[in-house]
Structures are given as C-alpha cells and as structure tokens.
Amino acid sequence: MALSNHAPIPELYVSNESAQKLKVEAGGLPSWDLTQRQVCDLELLMNGGFNPLKGFLSEEDYNGVVENMRLADGTLWPMPITLDVNEGFAEKIEPGQDIALRDAEGVILAILSVTDKWVPNKSNEAAKVFGADDLAHPAVNYLHNTAGKVYLGGPITGIQQPVHYDFKARRNTPNELRAYFRKLGWQKIVAFQTRNPLHRAHQELTFRAAREAQANLLIHPTVGMTKPGDVDHFTRVRCYEAVIDKYPQSTTTMSLLGLAMRMGGPREAVWHGLIRKNHGVTHFIVGRDHAGPGKNSQGQDFYGPYDAQDLFKKYEAEIGVTMVDFKHMVYVQEKAQYFPANEIPEGSTVLDISGTELRRRLREGLDIPEWFSFPEVVAQLRKTSPARDKQGFTVFFTGLSGSGKSTIANALMVKLMEMGGRPVTLLDGDVVRKHLSSELGFSKEHRDINIKRIGYVASEITKNGGIALCAPIAPYTATRRAVREMIEAYGAFIEVHVATSIEECEKRDRKGLYKLAREGKIKEFTGISDPYEAPEKPELRIDTTGTDVDACAHEVILKLEAMGLIKA
C-alpha cells in the first residue's frame with residue numbers, strides 16, 4: 001500500500017536497548033570497514049531514504065535493477081545499491097553469515113546478514129546503468145578502478161546512524177522532514193536537488209517553480225559524494241545558508257541529503273525522485289541534463305539535455321512525485337530581472353555567465369556582477385577559491401626510468417623557490433620509496449599504493465597552499481587519474497609526460513637497470529617486462545632528448561604562467 005506523504009517511513013534501526021546488546025555481539029563478527037560511498041548508502045538504507053530496500057541488493061534484485069530498473073518483485077528501483085568488497089575479504093565470507101559494518105573510526109553501524117555473494121559483470125552494469133562502459137564517466141571509473149570485485153547482498157540491522165559533526169541542525173532523516181512538514185501543515189512541497197552553489201538564477205527558478213506548483217520549497221542539496229572537482233560541501237552549505245534568507249519567510253526550508261551521487265543522468269533523476277518521495281516531497285525539479293557527468297571520451301555529452309526529464313515523466317505516476325521542469329533562467333539587462341530562456345522579450349540584451357566563466361573569474365580574481373550572484377555567496381566562494389596564483393598546486397611528472405623526470409623536477413623546484421611566495425616540496429620517486437614506502441615491492445598493487453601515497457601527500461600540500469612536485473614513474477592511467485581526483489579537490493594538477501624514448505633512457509642508464517631487466521634479472525621493470533601506459537592528454541609533454549634541463553624546466557614555468565598559477 002502506498003504511504004501518504006506524512007505517514008512515517010519504515011526505518012531499519014533496532015531499539016536503543018537492542019542496539020547496545022547487538023553492539024557487544026557484533027564485536028565478535030567478521031568486520032568490513034565501509035568506504036565513504038558505502039557509509040552514505042548505509043545511512044539512507046537505515047533511515048528509510050532508500051525505502052523499500054531492506055539492505056544491500058541480492059543478486060536477483062541486482063540483476064533486475066541493472067537490466068530493467070526493477071527489483072525482483074517488480075518494484076521500480078533504478079540504481080544498484082551494492083556492498084562491494086575485495087576478493088581477500090570475500091573468500092572468508094559465505095551466505096548465512098553475519099558481518100559487522102564499521103565506519104572509518106571502527107564504530108559498528110549495522111550488521112549485514114549475508115544472503116548472496118557474487119562476482120558481477122561490471123562492464124554490463126556500466127553499459128546498462130550509465131549508458132556506456134566509458135571510463136570518462138566518474139561512476140564507471142569508480143566501478144572498475146575503486147569498487148571491490150565481489151558483491152555481498154542481504155538485509156541489514158541498523159545499530160546507529162553515522163556520526164556527522166557538521167551542520168547537525170540541517171541534517172534530517174525522511175521521518176524528521178515528514179514530521180516537520182506535518183507540523184507546519186505543508187501539503188505540497190517542491191524539492192530542488194543541487195550539488196552546486198546557488199546563484200540568483202537558481203533562486204529565481206526555484207521560487208518560480210514553487211509559485212507555479214502552489215507549493216512550499218525544500219532546498220535539498222546533496223552533501224555526500226558528488227563529482228570529483230565539485231565545490232566541497234562545507235563551502236556549498238555556507239553558500240546555501242547565505243541565500244536561504246532571500247526567499248519569502250516561512251515558505252522555504254533547507255535540509256542536507258547525505259547521498260553519494262553516481263552522476264547517472266536519466267536513471268539518477270528517477271532515483272532522486274524516489275528518494276524525495278520517501279522524504280515526504282510531492283514535486284521535484286528535474287533539470288536540463290540532470291545529474292549529468294559532462295563529456296564522454298569522444299568529447300560528447302553522456303546524456304541528451306532532456307533525457308532525464310523524459311525518463312522521469314515516463315515513470316512519474318509510479319514514483320509518486322510530480323515533475324517540475326527546470327527552466328533555464330537568463331538575465332535581461334533592459335528589464336533588470338530574470339526570465340525563462342523561452343520567454344525573453346524580443347530585442348532584449350541577455351546576460352549569462354557559464355560555470356566555466358564563473359570558475360575563470362574566481363581563478364583570476366575578476367569581478368562577479370551582482371546580477372549573477374549574491375555578494376554573500378561570492379564571498380564564500382572566494383574564501384575557498386582564491387585567485388589561482390594564491391592557490392596550492394601539484395606538478396606531476398610521469399615517464400620511464402631515466403627519462404629525466406627527477407632532473408627537471410629538481411631544476412623546477414629551484415626556479416620556483418627563487419621566485420618565492422609559496423613553499424615547494426619535491427616528492428621524488430626514490431626519496432618517497434625510502435621514507436614513505438620502504439616496505440613496498442614493485443608489483444602492480446605495490447606500485448599503485450606507492451603512487452597513491454605520493455598523491456595523498458601532494459593533495460595535503462596543495463590543500464594548504466603549497467606547491468608539490470612529484471616525479472615517480474607512475475605507469476598506470478587509472479592510478480594517475482585517482483591521484484588527479486585527489487588533488488583537484490584542492491587545487492590544480494599539472495600532468496607532465498616526460499616522453500623520452502626507451503632507447504634514449506637505456507643509453508643514459510648509469511645503474512645498468514635496463515640491461516639487467518632485459519636479461520631477466522629484474523622482474524616487473526617498466527618498459528621492459530611491465531607496461532607503461534602513456535598519458536593521452538597531459539597538460540604538457542616534454543622530450544628531453546637533446547634538450548637541456550634548464551630549457552625543459554622553463555617550459556614547465558611557461559605552462560604554469562599560462563595557467564595563471566604563477567606570475568612572472
């Protein structure tokens with residue numbers, strides 16, 4: 001039977017008394033430490049945000065969701081909610097067992113009663129759920145390069161919610177929001193999903209959407225995982241709080257949703273609708289290219305601009321939420337106000353600033369006009385995104401052994417230190433191996449761990465306004481991408497491919513390593529017995545053959561100047 005919008009939604013928590021007993025019992029169970037995405041998923045499973053799911057999908061439910069957006073019993077559900085684990089952990093677990101699910105601090109949040117264990121066809125999942133098995137899609141990249149190879153399914157018993165220390169007053173479970181709407185007597189509620197700061201156009205379109213639907217407004221931004229490179233949620237929430245007073249009093253509220261987005265376009269829109277239904281919402285704004293991840297590896301958009309609206313409309317009755325079309329709002333200079341793009345008076349001067357242009361203006365410290373955004377929002381963005389020449393960044397050299405990476409990095413370090421302004425740290429491959437990774441060998445797994453350690457240290461340096469210069473071999477594309485995503489959360493990442501040929505590298509080989517590798521005396525040697533995956537689109541490509549080191553370092557300096565990261 002369908003739930004009314006104000007009736008409580010089923011939660012998966014046990015009573016406080018039972019939770020205390022279960023915690024003690026769970027202490028002796030096999031434990032899985034949840035990833036950031038899994039913590040987000042678990043919280044929404046437990047608090048009813050993912051109702052009717054009772055746990056992580058079984059294999060039968062998973063197959064139904066992937067193939068036709070339905071659980072085994074026919075219920076509409078478009079997104080696989082799976083517990084992915086590594087092969088080593090999976091080998092110790094069999095259906096029929098219970099496992100404790102812990103957060104990063106080791107706190108037990110829930111117990112999973114395992115009913116299913118299987119190895120999914122991830123290429124099929126990518127193609128069916130996201131429309132293409134293309135690593136340019138962040139969720140497909142996550143699926144292949146981050147998620148575990150084995151899935152576990154089964155019902156969960158919730159012991160406690162994940163702890164959030166930030167914005168506690170803004171975090172509401174579905175039942176808390178339903179109770180709030182009931183208390184205020186709100187019958188119609190239109191929700192706006194966002195992972196970006198709110199500017200004047202957003203405020204205008206949400207206000208209009210609520211007025212047209214004769215509904216109250218719920219600003220419901222996602223503060224779980226979004227797309228790599230998005231503005232961090234702390235900054236975004238401060239921006240939302242600066243804007244919430246711009247709405248008419250007592251018509252609008254804001255609540256934070258700890259959802260790990262998949263950027264799944266049409267399917268994600270349907271999923272967002274079902275989640276909002278659980279939160280007591282009656283209407284939902286679906287945007288142009290809703291939850292789109294950007295361009296695919298051919299440079300085309302992954303989804304058509306209205307694909308999400310079309311799919312949502314198809315399932316609207318089943319979702320139980322009315323779709324409100326997102327109207328692209330533009331500023332008309334002569335009228336000094338915003339209009340929907342399809343209602344612009346003839347002969348008007350239209351002003352608009354794209355997301356790319358906004359980022360450029362922030363990066364270069366340029367003016368952002370008041371017609372585009374509220375001064376309070378711009379002030380928050382400037383705090384987090386100072387002008388580029390004041391931000392930290394990472395220069396990441398990659399290339400074969402002997403290509404000249406470390407030599408150029410050293411020369412670059414000296415040039416940057418001579419210029420002054422920001423601390424410079426060199427994370428050379430050999431030095432890092434000595435101080436951070438002395439216990440690691442040269443297997444693919446150990447190389448990846450080493451590069452990710454370098455990436456983590458570089459991201460911390462970048463976050464704190466310094467310059468990190470990294471010079472490992474870093475032979476694998478997926479690992480370099482993971483490091484890029486780690487660093488681009490805080491500043492610029494400049495990949496420099498030192499593309500010196502293997503023949504030239506062998507000529508320079510003072511230690512005789514290539515010779516030993518060709519004789520089979522060194523195993524897993526990059527370029528000989530192990531592959532080097534050359535970057536396809538580095539920010540800069542340098543061949544050091546016959547080129548002096550100073551000239552190579554100067555090329556990097558010119559690139560950094562062109563990107564606005566340093567000033568001559």
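1. The second largest cavity of this predicted model is a good place to begin, and its lining is made up of Leu205, Arg208, Ala209, Glu212, Ile285, Val324, Asp325, Phe326, Lys327 and Met329. Two elements, α8 (200–212) and β12 (322–325), give two or more residues to this lining, and α8 gives the most, with four residues. By character, the lining residues divide into six nonpolar and four charged, with no polar residue among them. The space in this second largest cavity comes to about 60 Å³.

2. Turning to the cavities in general, the structure holds three of 30 Å³ or more, and about 80 Å³ of space lies in the largest of them. The lining of the largest cavity consists of Arg37, Pro80, Thr82, Asp84, Glu125, Phe130, Ala139, Leu143, Ala147, Tyr151 and Arg262. Within that lining, α5 (122–130) and α6 (138–145) each supply at least two residues, and the division by character is six nonpolar, one polar and four charged.

3. The second largest pocket, to be kept apart from the cavities above, has a volume of about 1100 Å³. Its lining comprises 37 residues, and those that lie nearest the centre of the pocket are Ser401, Gly402, Lys405, Asp430 and Lys511. Five helices, namely α15, α16 (429–435), α17 (444–463), α20 (513–518) and α21 (549–562), each supply at least two residues of this lining, with α15 giving the most, at four residues. The residues that line the second largest pocket divide into 15 nonpolar, 11 polar and 11 charged.

4. A sheet should be described next. Five strands form an open sheet in the order β17-β18-β16-β19-β20, and their pairing is parallel. The edge strands, each of which pairs on one side only, are β17 (424–428) and β20 (540–542). On average, and with direction ignored, neighbouring strands of this sheet are turned by 15 degrees against each other. As background, strands of a sheet pair through backbone hydrogen bonds, and they may do so in parallel or antiparallel fashion.

5. Within this sheet, one pairing can be followed at the level of residues: strand β16 (residues 393–398) and strand β19 (residues 492–498) run parallel and are joined by six bridges. Thr394 stands opposite Phe493, a residue of β19. Helix α15 (residues 405–419) packs on the sheet, where it touches β16, β17, β18 (467–471) and β19, and the direction of α15 makes about 165 degrees with that of β18. Helix α18 (residues 477–488) also packs on the sheet, touching β16 and β19, and the direction of α18 makes about 150 degrees with that of β19. A reader may wish to note that α15, described here as packing on the sheet, is also the element that gives the most to the lining of the second largest pocket.

6. A last point concerns charged pairs. Side chains of opposite charge can pair when their charged atoms come close. The structure holds 28 salt bridges, and one of them is formed by Lys117 with Glu94, whose closest N and O atoms are 3.3 Å apart. This pair links distant parts of the chain, since Lys117 lies in strand β6 (residues 116–118) and Glu94 in the loop between α4 (87–91) and β4 (98–102), with the two residues 23 residues apart.

How values were computed
Residues are numbered from 1 along each chain as its sequence is written. This is a predicted model: local features need pLDDT of at least 70, side-chain atom pairs count only at pLDDT 80 or more; totals for chains, interfaces and linings use all residues. Side-chain values use heavy atoms; hydrogens and water are left out. On a 1 Å grid over the protein atoms alone, a cavity is a set of points where a 1.4 Å probe fits but cannot get out, and a pocket is an open set with protein on both sides within 12 Å along at least five of seven lines; lining residues have an atom within 4 Å of a point. Grid points are joined across faces, edges and corners, and a volume is the space filled by probe spheres set on the points. Ala, Val, Leu, Ile, Met, Phe, Trp, Tyr, Cys and Pro count as nonpolar, Asp, Glu, Lys and Arg as charged, and the others, Gly among them, as polar. Two strands pair if DSSP finds at least two bridges between them. Axes are lines fitted to C-alpha atoms, for helices over the stretch in contact, and angles run from 0 to 180 degrees between N-to-C directions. Contact means heavy atoms within 4.5 Å. A salt bridge is a side-chain nitrogen of Lys or Arg within 4 Å of a carboxyl oxygen of Asp or Glu.
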